[in-house]
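Trainee: Please choose one aspect of this structure and take me through it closely. I should like to understand how its strands are arranged.

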Amino acid sequence: MTAPRSTKTALRDLAAQYSPALREYCAAGGEAALHRAYQLGRRAILSGFGVLEIMSLHQEGLVAILLGRLEHGEQARIGRRASEFLAECLAPFELSRRGFADAHAALSAVNQGLQMQLLEQRKVAQVRSDVIGTVSHEMRTPLTSIHGALSLLKAGMGGELNAHGQRLLEVACRNSERLVRLVNDVLDLERLESGTMTFNMRPCALKPLLEDAVEANGAYAAPSAVTLVLGPVPPGARVRVDCDQFMQVMANLLSNAVKFSPAGGTVEIEAQRRAGRVKVSVSDHGPGVPPEFADRIFQKFAQAETTCERKGSGLGLSITRAILENMGGEIGFTVAPGLTTFHFELPEWRARGLARQRLAEDDPCLVGR
Amino acid sequence: MEIACSADIVTARERGRALAGSLGFSGSDLTVIATVISELARNIIEYANTGTIELEPVERNGRPGMGIQARDEGPGIEDIASALSAGAAGGSGLGLGLSGVRRMVDEFEVASHPGQGTTVTVRKWLP
């Protein structure tokens with residue numbers, strides 16, 4: 001490691017003062033030279049030098065003095081005074097050392113406390129995550145069987161029911177579906193948060209992904225006569241994503257937008273390129289996001305008080321955000337009168353030269369369908 | 001004695017060393033006492049321009065020691081606790097300055113009020 005030029009200059013400067021002061025003290029003694037030694041030590045610390053630099057300055061100065069003086073008896077005096085001089089020069093380092101020792105002790109105590117807190121938090125989080133995972137998993141199997149049985153009854157497998165029975169059965173069926181969705185969402189979020197969800201990342205052309213998403217969610221929009229409108233997509237834009245997870249993101253955003261759209265309204269999907277990233281927006285003309293809800297909209301089990309039908313699990317946007325973050329993206333939203341837009345950004349995927357061509361040939365996902 | 005320039009610091013150190021030597025201090029303790037005087041005198045010049053340093057022999061339960069009092073009528077210290085912390089601005093966070101002095105002596109006392117100057121009293125007992 002070589003010292004930067006300014007450090008070298010500072011060290012030379014220090015050496016130019018150390019030797020004469022040492023020589024003066026060895027020859028004549030005196031407090032003034034010792035005070036200078038102390039000042040040089042202080043300056044050395046402030047310039048970032050250590051005791052080893054001082055030792056080498058000292059050795060250099062002392063050798064020069066001894067080379068010129070060989071008279072009998074003088075060497076012992078010079079040796080003693082040189083040590084005194086060196087001690088004065090190192091005294092500020094002692095001050096500094098004790099300061100660091102104190103600071104270190106204080107910081108170590110704080111650090112130890114923080115470490116223990118962190119460990120405790122991790123344990124609690126692990127237990128929580130285990131409980132959530134196990135309970136959800138254990139719930140899913142009986143729930144699937146309940147839902148299956150109810151569906152069969154609804155389809156007439158148990159014979160005809162009267163109108164009242166039919167209504168009750170529909171309520172049971174709807175709610176078992178909701179419970180299945182909730183359990184699946186909880187499991188998804190738990191896997192996303194614990195990092196055990198696997199992502200099969202591949203470069204995919206953006207346009208077909210968005211077209212598929214619009215097509216797949218059209219059925220959900222149809223009953224309320226909401227139209228999904230896909231605007232222009234930047235030509236050639238590609239993102240490196242897990243296609244299924246990307247579809248999940250789009251399904252969550254589109255179903256939210258449809259849910260809050262007035263009947264017969266439109267939901268607009270747009271894509272833009274910006275600074276190496278691709279931004280996808282989903283806009284609706286619904287009532288917007290209540291301001292008091294805005295800062296916890298991505299939190300788990302968050303649902304605005306005004307949501308008249310608590311249809312979802314309240315996990316959709318948390319899952320959406322977690323998926324996007326896992327794929328290197330981020331999500332946000334803006335609310336203007338009559339226009340609510342949820343948007344997310346992902347890094348635009350760019351292959352270079354041959355790699356692009358090869359991938360384009362190998363990967364049907366890349367060239368579209 | 002008056003402290004107003006670097007030459008005064010040298011004189012104060014010289015007298016401090018001589019007094020400490022006569023009290024029985026030796027070796028590295030003399031260096032510590034000279035360092036304490038230098039840091040206190042340096043503070044006076046840096047923050048108050050002028051002040052005084054008094055040196056006196058002290059005694060407790062038959063144990064001799066060295067007393068040093070630095071006094072100035074400068075702007076004073078607003079927050080003594082932070083001036084004494086290892087990261088105090090005066091010592092560039094390197095443990096120099098007032099916080100360094102405190103670690104080198106056996107007893108340390110600061111009296112200061114904004115606008116009314118500062119008095120630092122330290123004692124070091126003969127080991």
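Mentor: In chain A, strand β5 (residues 277-284) runs antiparallel to β7(A), and eight bridges join the two. Strands here are DSSP runs of E with at least two residues, and helices are runs of H or I with at least four residues, both numbered from the N terminus; two strands pair if DSSP finds at least two bridges between them. This is a predicted model, in which local features need pLDDT of at least 70 and side-chain atom pairs count only at pLDDT 80 or more, while totals for chains, interfaces and linings use all residues. Residues are numbered from 1 along each chain as its sequence is written, chains are lettered from A and ligands numbered from 1 in the order in which they are written, and side-chain values use heavy atoms, leaving out hydrogens and water.

Within this pairing, A:Ser283 has A:Thr341 of β7(A) as its bridge partner. Strand β7(A) also pairs with strand β6 (residues 330-336) of chain A, in the antiparallel sense and over seven bridges. There, A:Gly332 has A:His343 as its bridge partner. Two residues separate β6(A) from β7(A) in a hairpin, and A:Gly338 in the turn has a positive phi of about 80°. Seven of the nine residues of β7(A) (residues 339-347) are buried, so the strand is largely enclosed by the rest of the structure; buried means under 20% relative accessible area, calculated with a 1.4 Å probe and protein chains only.

Chain B offers a further example. Five of its strands form an open sheet in the order β1-β2-β3-β5-β4, with antiparallel pairing. Strands β1 (2-3) and β4 (107-112) of chain B stand at the edges with a single partner strand each, so one side of each has no neighbour in the sheet. Strands β4(B) and β5(B) pair over six bridges, and B:Ser112 stands opposite B:Thr118. Helix α1 (residues 6-23) of chain B packs on the sheet, touching β1, β2 and β3 of chain B, and its direction makes about 5° with that of β2(B). Contact means heavy atoms within 4.5 Å; axes are lines fitted to C-alpha atoms, for helices over the stretch in contact, and angles between N-to-C directions run from 0 to 180 degrees.

Strands β2 (residues 51-60) and β3 (residues 63-72) of chain B are joined over 10 bridges. They too form a hairpin, with two residues between them, and B:Asn61 in the turn has a positive phi of about 50°.

Terms used:
Buried < 20%, exposed > 50% of the residue type's maximum accessible area, 1.4 Å probe, protein only.
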